[in-house]
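Q: I am new to this structure and would like a close look at one part of its surface. Please explain that part carefully, and then place it beside other features of the model.

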Amino acid sequence: MAGTATKEQRPVKPDAATLDEWRQWLRMMVLIRRFEEKAGEAYSLGRIGGFCHLYIGQEAVAVGTISALRPEDYVISAYREHGQALARGMSSRSVMAELYGKATGCSGGKGGSMHLFDAGLHFMGGHGIVGGQIPLGAGFAFAAKYRGTDQVSLTFFGEAAANIGAFHETLNIAGLWKLPAVFVIENNGYGMGTSVQRSSAITDLFERAASYDMPGVVVDGQDVVAVRKAMDDAVRRARSDSSPTLLEVRTYRYVGHSMSDAAHGTYRTKDEVDEYQARDPILVLANRMREAGALDDAAMEAIEKDVMAEVEDALRFADESPEPEPESLWTDVYAPRPASRAESRDN
Amino acid sequence: MPTLTYRDALNQALREELQRDDNVFLMGEEVAEYNGAYKVSRGLLEEFGPRRIVDTPIAELGFAGIGVGSAMVGLRPVIEMMTWNFALLAIDQIVNAAAKIRYMSGGQFGCPIVFRGPGGAALQLGSQHSQAFESWYAHVPGLKVIAPATPADAKGLLKSAIRDDNPVIFMEGEMLYNTKGEVPEGEHVVPIGKADIKREGSDLTLICHSKTVSVALKAADQLGKEDIAAEVLDLRTIRPLDTDAILGSVAKTHRCVIVEEGWPYAGVGAQVAYTIQHEAFDELDAPIERVTGADVPMPYNRALEKAAKADPAKVVQAAKRALYLES
Amino acid sequence: MATKIVMEALSPTMEEGRLVEWKKNEGDAVAVGDVIAEVETDKAVMELVARVAGTLIKQEVEAGATVPVSDVVGWIGEAGEKTGGKTEKVEEVERVERVEEGKKEEKAGTGEKPEKAEKKPAEEKAEEQPAETKAEKAEQEAPAERPASAAGERVKASPLARRIATERGVDLSGITGSGPAGRIVQRDVEAAKAGPRAEPATAPAAASGPTGRTITFSGEPFRDEPLSQIRKTIAKRLVQSIGPIPTFYLTTVVDMERATEAREALNALGEGKVSFNDIIMKATALALVQHPACNAWWQDDHIRYWNEVHLAMAVALDEGLITPVIRHADQKSLREIAAEAKDLAGRARERKLKPEEYTGGTFSVSNLGMLDIDEFTAVINPPEAGIIAIGRISENVVPASEGLEVRKQMKLTMSCDHRVIDGATGAVFLRTLKRMLENPLAMVY
């Protein structure tokens, strides 16, 4: 039972509460954008190591979905999760410090870019194996149902993960057991360098929901208002009816898959990137607010300034934070005590 | 003390832990309505209902991950793998998720989960259904690996595994389900990480676990007829290894044969032998011997299969090499 | 203040980038995010974008230049502003570390060592023969009793037996082992402690090991020696200096009067011609026996010192050259060498050599004397570590004890792989060779 595509919503006259919410979303999207730009810069200067997957261009997805959740709900994602961590309320400082590998990072410097966690905010991690987080997300929903709470579990993954076994096994079980989960396909068009057209037998991925007896919905991921509307529906189904939804959000990443990937030239054209930048999610929301008379240049500048101050502060904090203690190498392997050191070190 | 089968001892442990803690649930293929592929979960659906005893589709990766997710938020799942051969389909969730969540999250999330099911070779099941995976999981920091040999240990260790706050790999012996032994009633808990001397001896130590404990005991009987006193040390837990017990026995006998079902290359015995030579080099009076499954996929043919398995005769021969009685 | 534009690490493994094209000219205004230049990394062509806004006031490198990561490629600031120049580098400790890491990864990824391929026949042979069998064989050859305190021979004892012996002050060398291959085990030490052994321990003559000064026949064709730290450092530094084979050259003038006489006398016998080249090869082979340090192969992680001398000789062909090998040249007579060299050279020119006839040399000789070359430097034929280049024999006026005299002289130039052969090592070898040629009797002395 595939659902209907949600079109861009244009309320005639947003009320004050709505405008207030939009203002928060706008600031969060600008924060994610600037945070990621600075993260990219820090990466190129060697402050951030390993892999670094940036979220630039996809901000409306994280903000539009996560803003629909309550604090007790669960959020889990893959490895392009800086934006989602921020949208969930993790501080720029703790995320940036984790990218820097510092002791003050959200995972104590042991996780890095791909493994951001915050137990207090029920941010259940960034996960590095494509699709590996999908069954975990269903597990949170299973636990909620087992305990009889009305918590909802939100699982993010890219469109390429919709081709992996974990996706199908999990959605089948979620549909069969009616788990209170929202599965968000963050469709940015490319799994690394392979387009949806070259990787999937059907390109309307939300239609796969039909196989698993759950609603399949597609929404424009550049419009945060539309994303939020679709997410509200999905959350209501999960919370009230304990039933899952497959929500495909169509978006675009302006940057390469990771820092070592050219932004364009190999698998996509510059024109294509430009086309999407014209529908930039920040621009789309800002225009909507300008039309409603809720944003002018001065206000936008103030947001930019405020955000830059926060990001600069996060960079400074990360830079000045201490490295993890050498002893922390051996902690958190087992509970409640660290692993037998003699055993581990022998090898 | 009542005598129970290994199977019923496991069933007793599950029942007692399900009664004790509502967060404990059993999930897997055929665990509920079918009463378990090997009947370990017999009667549990009736007693605890479908919320606690959960049948799954054939989707090892999916339900293993759902178990891990539920453990991250405080439930205590027992995930039954119909056999460990099928767990290969779920190994990403076991190794990349369960074993690492605590570390990757800087200690914010734990994963109190038990993956259990039968492992090792049965009879003439061919290559894909006859293999021992202890060393695979023992390789991974963050996991504990248990392989009990007797009904009493099976019960006591499964209770410990369910109560442990770490992911535990609990490997039952497919050929042991029908074996019988005395099992203490009620609260019988065997600590993880403690080996057990199943037979005392002074001339050499036979180190074994799971199904090879009975192999070693038979070999010790035969050696006894030649006035050789073999000590049989059952590891019970593969990780963490009970190094003290191993070194204590070797310090007494100065000679050692390690017996296991698995393949020799990078097997459990390789790690045990390393530990002994490193920690007790000056106690050794002879090179450490190993008896393992043959370094081949398991054949179907009965005679070939027998040749591929560790048996008492091979252990006796290895013991004599360690005693310089045979070359 | 002007802001530098540095070559950014646009891939995790990038160490340098080629600036393909400037997208902004000096004087152009740039905004944050503007593409300033295209850079070719080790993986792709990427864009270098502006991190600050302003004017591109200086391009420090030209398009096409390859620039290390972190080096300045240009400056952004206000028009007319002064810049810090090209040499200024970004302080980046971590950057360097990561580049190092990247290198390691690359090595780990691709640098699989072909250990099997490197395994030499002799090692395999050694492995085929279990240690105990070898020991037993040794036992059969030795007197029945175990050696007591044969100098340098290792006493085989189990770790436990050693510990007990140490604790009780028992001398293991006086004990006969009852374990495999005579291994002393616990019970042997216990028995020894109980009472002095009845059996007298006699020591067989210990075989003297290779001394390293001269080649002595040990049954093994060569000996692999691990690289010492100093040798590793020498190898690394010298390769950095002048290329994959850090070659240096040693030249000496050899008086060939006596060699000429000897050759004439030999040829007068009418039993086949002996050339100067044959004489030089024979002398070289014998000199190598005395200086095994020059009879060696560079093997990247160790040096192979050959216990056999296989002399390669360069033979010119119409379309190049080939180096047939005279095997065991040190053990062959001059006449044998002459005959073999002639045969090999002839068949080389007809292109009829089998591969095994032109591979496996341990040292080379190249002669251009017949083409009137006075002296030259020859190129080392790896993995060999040395080659001798022979010039023509010329008559020169030289100081004599009284006045001047005319002598036949020849120049020898040795090319040495400095990773294997040090200056003095090569020099003493060359001196031996010179003396042999100047006094051919020394060859048989």
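A: A patch is made of residues with over 30% relative accessible area and no salt bridge, and nonpolar side chains are joined into one within 5 Å. In this model, which is predicted, Met370(C), Leu371(C) and Ile373(C) form a nonpolar surface patch of about 320 Å².

Met370(C), one of the patch residues, is found in chain C, in the loop that runs between β17 (363–367) and β18 (386–399). Its relative accessible area is 62%; the cut-off for an exposed residue is over 50%, and Met370(C) is therefore classed as exposed.

A residue of chain A offers a second case. Ala119(A) also has its place in a loop, between α4 (92–99) and β2 (123–126) of chain A. Ala119(A) is partly exposed, because its relative accessibility is 26%, a value between the limits of 20% for buried and 50% for exposed. Within chain A, Cys106(A) is 13 residues away in sequence, and the two C-alpha atoms are 9.5 Å apart. When neighbours within four places in sequence are set aside, Ala119(A) is in contact with Gln108(B) and Phe109(B).

Those two partners lead to chain B as a whole. Chain B contains 12 helices and 14 strands, and 63% of its 327 residues are buried. Among the contacts in chain B with a separation of 6 or more, 81% join residues 24 or more positions apart. The exposed area of chain B is about 11,600 Å², of which carbon and sulfur atoms supply 53%.

Conventions. Residues are numbered from 1 along each chain as its sequence is written. Chains are lettered from A and ligands numbered from 1 in the order in which they are written. This is a predicted model: local features need pLDDT of at least 70, side-chain atom pairs count only at pLDDT 80 or more; totals for chains, interfaces and linings use all residues. Side-chain values use heavy atoms; hydrogens and water are left out. Helices (H or I, at least four residues) and strands (E, at least two) are DSSP runs, numbered from the N terminus. Buried means under 20% relative accessible area, exposed over 50%, partly exposed in between (1.4 Å probe, protein chains only). Contact means heavy atoms within 4.5 Å. Accessible areas come from the Shrake-Rupley method with a 1.4 Å probe; for residues, only the protein chains shown count as cover. Patches are made of residues with over 30% relative accessible area and no salt bridge: like charges are joined within 9 Å, nonpolar side chains (Val, Leu, Ile, Met, Phe, Trp, Tyr) within 5 Å. A salt bridge is a side-chain nitrogen of Lys or Arg within 4 Å of a carboxyl oxygen of Asp or Glu.
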